[in-house]
Amino acid sequence: MEKFSAFRDPGTGIQPFLLPVAPSDNGPFATLLLPVRGIVLILRTVMIFAIFLLYCGLRYGLCTLLVLIPPLRHSLSRLSTRLMARLALYISGFIWIQEEIITKKRGKLHEIPWRPRAGDIIVSNWSSWVDVLWMAYRFDPIFVMPVLEEPKLPAVNPDSSPISYRPGRSRGSGVPSPSSLQTTTSRSTVKGFCEMSLFSMIWATGRTPDRLSFNSISQLKELRQSAERPVVVFPECTTSNGRGLLRFVDVFEGVRVPAKQLEVFIMCIRYDPPTPQRPSPSHPIASPSLNPLPHLFTLLSSLSPQPMSIRMLPPSESPSSDLFLASEVGVDPTVDSLSEVCAVLMARIGKMKRVRFGWEDKVAFLDFYWRRRK
């Protein structure tokens, strides 16, 4: 959309904040399927609601009663989270989820299993609440969110002319320069991290860190040392539409590469572009109320399965491996070399392009977006 062209990355042409929209299908067949979609939506909604109630009963009811038996309590909590998350994904249309280890080595892959342990760091991109559900099913991890300083936003004039290309010359009617609409802001400093529950992470999907409330702030090292499960970090700090990687926040500032003091597992989640029969699972903009239920209802009404691809970096090629060479990645020394290395490797295994926009730019985008919607 041209009115949002100020938020289009000039290097790649990617607009990372708008929801991908499928071509409209107003044919007679699509009209005939509307009642079927409505019935499917009602049935799936009832099943999702039943899963939610069962999960709350097990996780916050039965597990609370077993507080005096920690091993049984932890096992039941982990089993209920993984089972209910997979059922929710299945009902939402994610019947088959492809997991693949992407390596630069040729030949048959002989690798250590991709099994993060307690205190290990999982670094991933973030484009939907579906990502959070899949991680809950696969690893039952601890989610942490960086607590950041308030960004200094540039002024974006909603009445500004969009950037467009017009060949030839025209006196007195030149195209506004991209520099007049640039919105890239400086990086925000990480003050600490806050542990988030599964429902808090799902609710935070589409929002920016400045819109979240944090109860307590700790350092990542402290959270890792006390963690009984793997720790998931989303360096983008907000969701994109999955078309490109947002600029990473310096979440590992001060950690050298190779990072021998911690274990880092890098992965990338990809979704196929939407079609008239299949909406996009990406959720870059939070719903005004009951987030992300409106987007969930959209997925539940779909009659086509949702493809989902998980691409993982082998542990031997991770920046925490003793065999890792930073020179092979071609990263210049920065304040946070580990975050930069993770971004390069994630873009490589996910075959995604990196954009220069970060979560600070999304704050400006959302302000501009909602003012346009009024």
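This passage describes the overall composition, the salt bridges and two helix packings of a predicted model.

The chain comprises ten helices and nine strands. Of its 374 residues, 50% are classed as buried. Contacts between residues at least 6 apart in sequence were also examined, and 83% of them join residues at least 24 apart. The exposed area of the chain is about 19,300 Å², of which carbon and sulfur atoms supply 57%.

Eight salt bridges were counted in the chain. One of them joins Glu99 and Arg138, with 3.1 Å between the closest N and O atoms. This pair links distant parts of the chain, since Glu99 belongs to strand 1 (residues 97-101) and Arg138 to helix 4 (residues 129-138), and the two residues are 39 residues apart. Glu99 has a relative accessible area of 35% and is therefore partly exposed, as this value falls between the limits of 20% for buried and 50% for exposed residues.

A salt bridge is also formed between the side chains of Glu340 and Arg354, where the N to O distance is 3.0 Å. Glu340 is located in helix 9 (residues 337-350) and Arg354 in strand 9 (residues 353-354), so the salt bridge ties together parts of the chain that are 14 residues apart in sequence. Both partners are partly exposed: the relative accessible area is 23% for Glu340 and 35% for Arg354.

The side chains of Asp210 and Arg211 meet in a further salt bridge, with an N to O distance of 4.0 Å. Asp210 is partly exposed at a relative accessible area of 23%. Arg211 has a relative accessibility of 62% and so counts as exposed, the limit for that class being over 50%. In addition to these pairs, a network of salt bridges links Arg78, Asp140 and Arg229.

Two helix packings were characterised. In one, helix 3 (residues 70-91) packs against helix 4 with an axis separation of 7 Å and an angle of about 140°. Helix 3 is therefore oblique to helix 4, because an angle has to be over 145 degrees to count as roughly antiparallel. The crossing of these two helices is left-handed. On the helix 3 side, the residues in contact are Thr81, Arg82, Ala85, Arg86, Ala88 and Leu89, and they meet Val130, Leu133, Trp134, Ala136, Tyr137 and Arg138 of helix 4. Arg138 thus appears both in this helix contact and in the salt bridge with Glu99.

The other packing involves helix 2 (residues 34-65) and helix 7 (residues 293-300), whose axes come within 9 Å and cross at roughly 125°. This angle makes helix 2 oblique to helix 7, and the crossing is right-handed. Helix 2 contributes Val40, Leu41, Arg44, Thr45 and Ile48 to the contact, while helix 7 contributes Leu296, Phe297, Leu299 and Leu300.

Methods. Residues are numbered from 1 along each chain as its sequence is written. This is a predicted model: local features need pLDDT of at least 70, side-chain atom pairs count only at pLDDT 80 or more; totals for chains, interfaces and linings use all residues. Side-chain values use heavy atoms; hydrogens and water are left out. Helices (H or I, at least four residues) and strands (E, at least two) are DSSP runs, numbered from the N terminus. Buried means under 20% relative accessible area, exposed over 50%, partly exposed in between (1.4 Å probe, protein chains only). Contact means heavy atoms within 4.5 Å. Accessible areas come from the Shrake-Rupley method with a 1.4 Å probe; for residues, only the protein chains shown count as cover. Axes are lines fitted to C-alpha atoms, for helices over the stretch in contact, and angles run from 0 to 180 degrees between N-to-C directions. Angles under 35 degrees count as roughly parallel, over 145 as roughly antiparallel, 65 to 115 as roughly perpendicular and the rest as oblique. A crossing is left-handed if the near helix is turned anticlockwise from the far one by less than a right angle, and right-handed if clockwise.
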